[in-house]
Amino acid sequence: MTTTASAATAPLADARALGLAHYAARGVLERVLARHGVTFQQQIALRAAVTADAPRTPEDLVAQVRDSLKADPADLRATLDELVTKGLLVADGAHLVPTDAGRELLAAAGAETAPVSARIWGGIPTEDLAAAGRVLALVAERANAELAALDA
């Protein structure tokens, strides 16, 4: 059964609602990725390498993925090693570059998740998406500032 809350009865967005939405959507993606033999963190790191404008060093990739996932750098280095072992990234001098297999995996996973994403996001009014985008950007900005203060 599908229900849609009206504006008058919709709950206010808060950290719990954000977390529940994130983990529900992530759960969908993780099931698809598991069929391709990769984890969520591996997919994020691989995507960073595939979408880079220029080849990245392992440390560049660690920094970029850490900025996104707030994960431990040692865990991210291990993730990059796993991607190399799986043949999805390869060393090219001081850089890590995606292999054809890595690009194909991302394309296949994207093709598999596209119709699901369309069902999840479809029909949400543009103005609601814009409002949610503004709120989420502000929450991310504030949370990143708090993380920076905690790390200082």
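Which residues make a nonpolar surface patch of about 430 Å²? The patch is made by V28, I120, W121, I124 and L129. The model that shows it is predicted.

**Overall build**

The protein chain has six helices and two strands. Read from the N terminus, its elements run α-α-α-α-β-β-α-α. The C-alpha atoms fill a box of roughly 60 × 40 × 25 Å, taken along the principal axes. The chain holds 152 residues, and buried residues make up 20% of them.

Contacts across the sequence can be split by separation. Take those between residues at least 6 apart in sequence: 56% of them join residues at least 24 apart.

**Surface and charge**

About 10200 Å² of the protein chain is exposed. Carbon and sulfur atoms supply 59% of that area. The chain carries 14 positive and 19 negative charges. The mean positions of these two sets are 5 Å apart.

**Three residues in their places**

Three positions are set out below, each with its element and its relative accessibility.

| Residue | Place | Relative accessibility | Class |
|---|---|---|---|
| Q43 | helix α2 (residues 40–51) | 6% | buried |
| I120 | helix α5 (residues 100–121) | 44% | partly exposed |
| G93 | loop between β1 (89–92) and β2 (95–98) | 71% | exposed |

Start with Q43. This residue lies in helix α2. Why does Q43 count as buried? Its relative accessibility is 6%, and buried means under 20%. Which residues does Q43 touch, leaving aside its neighbours within four places in sequence? Q43 is in contact with L29, L33 and L106.

I120 brings the account back to the patch. The residue sits in helix α5, which covers residues 100–121. I120 counts as partly exposed because its relative accessibility is 44%. That class lies between the buried limit of 20% and the exposed limit of 50%. I120 shares the nonpolar patch with V28, W121, I124 and L129.

G93 belongs to the loop between the strands β1 and β2. β1 spans 89–92, and β2 spans 95–98. Is G93 buried or exposed? At 71% relative accessibility, G93 is exposed, so it passes the cut-off of over 50%.

How far apart are G93 and L147 in sequence and in space? The two are separated by 54 residues in sequence. From C-alpha to C-alpha, G93 and L147 are 34 Å apart in space.

Technical notes
Residues numbered from 1 in each chain as written. Predicted model: local features only at pLDDT ≥ 70, side-chain atom pairs only at ≥ 80, totals over all residues. Heavy atoms only, no water. Patch = residues over 30% accessible without salt bridge, like charges linked within 9 Å, V, L, I, M, F, W, Y side chains within 5 Å. Areas by Shrake-Rupley, 256 points an atom, 1.4 Å probe, with all protein chains shown as cover. Salt bridge = Lys/Arg side-chain N within 4 Å of Asp/Glu carboxyl O. Helix = DSSP H or I, 4+ residues; strand = E, 2+ residues; numbered from the N terminus. Buried < 20%, exposed > 50% of the residue type's maximum accessible area, 1.4 Å probe, protein only. Contact = heavy atoms within 4.5 Å. Lys, Arg positive; Asp, Glu negative; His and termini not counted. Charge placed at Lys NZ, Arg CZ, Asp CG, Glu CD.
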